[in-house]
Amino acid sequence: MARVSSKKPRNLPPPDPMPARIDPCLASLVDKPPKGPDWAFEVKWDGYRIAVHIEPGRVRILTRGGYDWTGKFPSIADDARRIAVKSAIIDGEAVVLDDKGRSDFGMLQRALGRLPSPYEAGAIVFYAFDLLYLDGRDLRRLPLRERRRLLEPLVAGREGAIRLSEEVQADGDEFFRVACAHGLEGIIAKHIEKPYRSGRGEWWQKITCKRRDSFVIVGFEPSTVAGHLGRLLLAARKDGALVYVGGCGTGWSHELSRELRKLLEGMVTKSPAVALRRKGAVFVEPVLVAEVEYRAWTDDGKLRHGSFKGIRPREENASVFDLGTLHE
């Protein structure tokens, strides 16, 4: 009688129950790419971080903050049902691509329906870059190179709503230069020997062509053009409170300016969320977060050359900029 091997598959953890949710691993902002053969690089996608949960009989799509947005991403959910697995958790980014193949956060927001849009939800693409769970096995304790080895056969070569975020093992400085030259937001560096750890750590690093962060919208200044937006007033977190950090007056089209003004006028309050006296300012409830691209900070803690890139609901407030990080 042939002997049945009792050896477990090498490098695979024992069977584990499927987590209901996993807090994502977040990249730390650094000034330049790391060096060495243990680092791989990817494009920094400009979209919504989501996790696709494939389970027997259902698919769930969860945001970074843990909200179920399955209904907002119907094409991704449909495509996930065709992946040849019994159960899986795939980490990645939902994006909308422009005509040059670059991810555009503003286009994504319009496709999701907060503002009127020519883009449909079907235009949203999910770029998968990590595999956290597969057919009864929690993969988080494996090094990234092993997780990628298991992920790639599942999604590589697909041209539908779910695609592989390509990994590049190259000189980081050169990859960063090329990414910026092509108008991308930046790159992500990942240590291929590290396990998956929730929260922000040094094993994932982001290098951006320009700085970009999220700030709470606390008010606006009307434009000299009737019905339009002149400037957004922004705040960051500091010691648990909101602090005014300046504003931005560019980044929107003529049409979007009018739509944002109308949206904010429905949130006007007589109780400002920050200590600010500014002639002509209209204060709003601090319920929306603006994605802002900027070059630097002034010595008195204000944004320099801020440009509006999109809005998020504040329920995803883990991403609101904290002024304490300026001195870390």
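Start with the hairpin of E12 and E13: select Asp-239, in the loop between strand E12 (229–238) and strand E13 (241–248). This hairpin has two residues between its strands, and Asp-239 takes a positive phi near 55° there. Keep in mind as you click around that this is a predicted model. Most residues other than glycine have a negative phi. Asp-239 has a positive one although it is not a glycine. Is Asp-239 buried or exposed? With a relative accessible area of 75%, Asp-239 is exposed.

Now show the two strands on either side. E12 and E13 run antiparallel and pair over seven bridges. For a landmark, pick Lys-238 and look across to Ala-241 in E13, its bridge partner.

Step back along the chain to E11 (211–222). E11 also pairs with E12 in the antiparallel sense, over six bridges. Select Pro-222 and you'll see Leu-229 of E12 opposite. The E11–E12 hairpin has six residues between its strands, and Gly-227 in that turn has a positive phi of about 80°.

While you're thinking about backbone angles, jump to His-305, in the loop between strand E17 (303–304) and strand E18 (307–313). His-305 has a positive phi of about 55° and is not a glycine either.

**Next stop: the cysteines**

How many disulfides does a search of the whole structure find? It finds one. Select Cys-180 and Cys-209, which are joined with an S to S distance of 2.0 Å. The torsion about their S-S bond is about -95°, so the disulfide is left-handed. The pair links distant parts of the chain: Cys-180 sits in helix H4 and Cys-209 in the loop between E10 and E11, 29 residues apart. Colour by accessibility and Cys-180 comes out partly exposed, at 29% relative accessible area. Cys-209 also counts as partly exposed, at 29%.

Now try Cys-248. Cys-248 is in no disulfide, and the nearest cysteine sulfur, that of Cys-209, is 20 Å away. Cys-248 is buried, with a relative accessible area of 1%. Add Cys-25 to the selection: Cys-25 is buried as well, at 1%.

**Along helix H4**

Go back to Cys-180 and show all of H4, residues 172–181. Its buried residues are Gly-172, Phe-175, Phe-176 and Ala-179. Look down the helix axis: these buried residues fall within an arc of 100°, so they line one face of H4. The general rule is handy here: an α-helix has 3.6 residues a turn, so residues three or four places apart point the same way.

What covers that buried face? Among the covering elements are strand E2 (39–43), strand E9 (186–191) and strand E10 (199–208). Just past the helix, select Gly-183, which follows H4 and has a positive phi near 80°.

For one of the contacts to H4, pick Val-43, in strand E2. Leaving out close sequence neighbours (up to four places away), Val-43 touches Phe-175, Leu-184, Gly-186, Ile-187 and Ile-188. If you want a distance to draw, try Val-43 to Thr-63: their C-alpha atoms are 20 Å apart, with the two positions 20 residues apart along the chain.

**A buried aspartate**

Move on to Asp-46, in the loop between E2 and strand E3 (48–55). Which side chain makes a polar contact with that of Asp-46? The side chain of Arg-212 does, at 3.0 Å. Asp-46 is buried, with a relative accessible area of 11%. Beyond four places in sequence, Asp-46 touches Glu-93, Val-95, Ser-103, Asp-104, Phe-105, Glu-185 and Arg-212.

**Last stop: the cores**

In soluble globular proteins, nonpolar side chains tend to be buried together. The largest nonpolar core here has 36 residues. Select Val-52, Phe-73, Ile-76, Ile-90, Ile-124 and Leu-131, the members with the most contacts inside it. Elements that each supply at least two residues of this core include E3, helix H1 (74–80), strand E5 (88–95), helix H2 (105–111) and strand E6 (125–134).

Zoom in on Ile-124 and show what surrounds it. Outside the four nearest places in sequence, its contacts include Phe-73, Ile-76, Val-95, Leu-108 and Ala-161.

To finish, turn to another core lying apart from the 36-residue one. That core has 25 residues, among them Phe-215, Ile-217, Leu-260 and Phe-308.

Key. Residues are numbered from 1 along each chain as its sequence is written. This is a predicted model: local features need pLDDT of at least 70, side-chain atom pairs count only at pLDDT 80 or more; totals for chains, interfaces and linings use all residues. Side-chain values use heavy atoms; hydrogens and water are left out. Buried means under 20% relative accessible area, exposed over 50%, partly exposed in between (1.4 Å probe, protein chains only). Helices (H or I, at least four residues) and strands (E, at least two) are DSSP runs, numbered from the N terminus. The arc is that of the directions from the helix axis to the C-beta atoms. Contact means heavy atoms within 4.5 Å. A disulfide is a pair of cysteine sulfur atoms within 2.5 Å. A polar contact is a pair of N or O atoms within 3.5 Å; within protein, one must be able to donate a hydrogen and the other to accept it, and residues adjacent in sequence count only if both atoms are side-chain atoms. A nonpolar core is a set of buried Ala, Val, Leu, Ile, Met, Phe, Trp, Tyr and Cys residues joined through side-chain atoms within 4.5 Å. Two strands pair if DSSP finds at least two bridges between them.
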